[in-house]
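Biologist: Please take a close look at a single part of this model and walk me through it slowly, explaining each term as you reach it.

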Amino acid sequence: MRIPVIAGNWKLFKTIGESVAMVQELKSLVANNQGVEIVVAPVFTALSRVNDVLQGSNVMLAAQDCYWEEEGAFTGEVAPALLKDAGCSHVIIGHSERRQYFGETDVTVNKKTRAAIAAGLCAIVCVGESLAERESEQTFSVIETQIQGGLAGITADAAPHIVIAYEPVWAIGTGKTATDAQAQEVHTFIRQLIAKTFNQPVADAMRILYGGSVKPDNVKGLMAQPDIDGALVGGASLKADSFAAIASFNA
Ligand code: PGA
């Protein structure tokens, strides 16, 4: 019932030429993949050209961030409608690197999420605890605050346009994946929060992705967990063969 999502977050990597070459290879590798939504998130400058290459393929396009205003004197920002214009169907919001380095808060995550949905994008909203928070047993309270703040005021009818990505900060780019059981435990908790925030049918339908050192050799174990509905992949999404292998977890 929940179609899994495998999304590649390219972060600040690849020129336009490298991005185009990567998706040319990727789209043929995954051309026959079924029962999975495959998404790539290049840097802003490559979006439009990558979109041209993805036409007619089963790979969708995401941006890595957006602003919440439609237009105006906001130097350097990009509005959700402009991402749509560039061919995006999805946008990643509140990634832990944005929270850590660029002052993203639950309040700005909420504004961006609402604006993205209003523009017709699917918002991939990221949450996750730091190592210190996990070690001091604050994981659940941190996740609860991030979910409640990030999704504040969003109505149940908008919820189908949201995907949650649970990314423990200590697992991102470290090679240290959460165990299947650690991830499942938090995913169940998030689904319960979604049920409380919206209702049970919304919670049952919400895709909750895991992120943090997902690789071809650990994706199957993660995806076998009942509440893990996909992956947000960083490092292993930069090469077509490893990302295609992850997107073929169900083959
Ligand atoms: P990683 O990154 O797969 O390189 O750990 C995941 C992410 O930041 O989304």
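Modeller: What follows starts from the strands, stays with one of them and its surroundings, and then turns to a pocket.

This is a predicted model, in which local features need pLDDT of at least 70 and side-chain atom pairs count only at pLDDT 80 or more, while totals for chains, interfaces and linings use all residues. Residues are numbered from 1 along each chain as its sequence is written, and side-chain values use heavy atoms, with hydrogens and water left out.

Eight strands close into a barrel in the order S1-S2-S3-S4-S5-S6-S7-S8, and their pairing is parallel. From one strand to the next, the twist averages 25 degrees. Helices (H or I, at least four residues) and strands (E, at least two) are DSSP runs numbered from the N terminus, and two strands pair if DSSP finds at least two bridges between them. As a general point, strands of a sheet pair through backbone hydrogen bonds, either parallel or antiparallel.

The part to look at closely is strand S8, residues 230-233. Four bridges join S8 to S1, with the two running parallel, and two bridges join S8 to S7, again in parallel. Ala231 of S8 appears in both pairings, since it is the bridge partner of Ile6 and also stands opposite Tyr210. Which residues of S8 point one way, and which the other? Gly230 and Leu232 point one way, whereas Ala231 and Val233 point the other way, and all are buried. Here buried means under 20% relative accessible area, exposed means over 50%, and partly exposed lies in between, with a 1.4 Å probe and protein chains only. In a regular strand the side chains alternate between the two faces of the sheet.

Past S8 comes a loop that leads to helix H11 (240-246), and Ser237 is found in it. Ser237 counts as buried because its relative accessibility is 0%. The side chain of Ser237 reaches the backbone oxygen of Gly234 at 2.7 Å, which fits the definition of a polar contact: a pair of N or O atoms within 3.5 Å, where within protein one must be able to donate a hydrogen and the other to accept it, and where residues adjacent in sequence count only if both atoms are side-chain atoms. Leaving aside neighbours within four places in sequence, Ser237 is in contact with Gly8, Asn9, Trp10, Met22 and Phe243, contact meaning heavy atoms within 4.5 Å.

Ser28, in helix H1 (residues 16-29), lies 212 residues along the chain from Ala240, yet their C-alpha atoms are separated by 9.7 Å. Ser28 counts as exposed because its relative accessible area is 53%, and its side chain reaches the backbone oxygen of Glu25 at 3.1 Å.

Two loop residues deserve a word about their backbone. Most residues other than glycine have a negative phi. Lys14, in the loop between strand S1 (5-9) and H1, has a positive phi of about 85 degrees although it is not a glycine, and Lys14 counts as partly exposed because its relative accessibility is 23%. Ser213, in the loop between strand S7 (208-211) and helix H10 (219-223), has a positive phi of about 60 degrees although it is not a glycine either, but Ser213 counts as buried because its relative accessibility is 9%.

Finally, the largest pocket holds about 500 Å³ of space. A pocket is an open set of points, on a 1 Å grid over the protein atoms alone, where a 1.4 Å probe fits, with protein on both sides within 12 Å along at least five of seven lines, and lining residues have an atom within 4 Å of a point; the volume is the space filled by probe spheres set on the points, which are joined across faces, edges and corners. Its lining has 24 residues, of which Phe44, Gln64, Asp65, Arg98 and Phe102 lie nearest the centre. Asp65, in the loop between S3 and helix H3 (80-85), counts as buried because its relative accessibility is 8%, and a polar contact of 3.1 Å joins the side chains of Asp65 and Arg98.

Definitions and conventions. Axes are lines fitted to C-alpha atoms, for helices over the stretch in contact, and angles run from 0 to 180 degrees between N-to-C directions.
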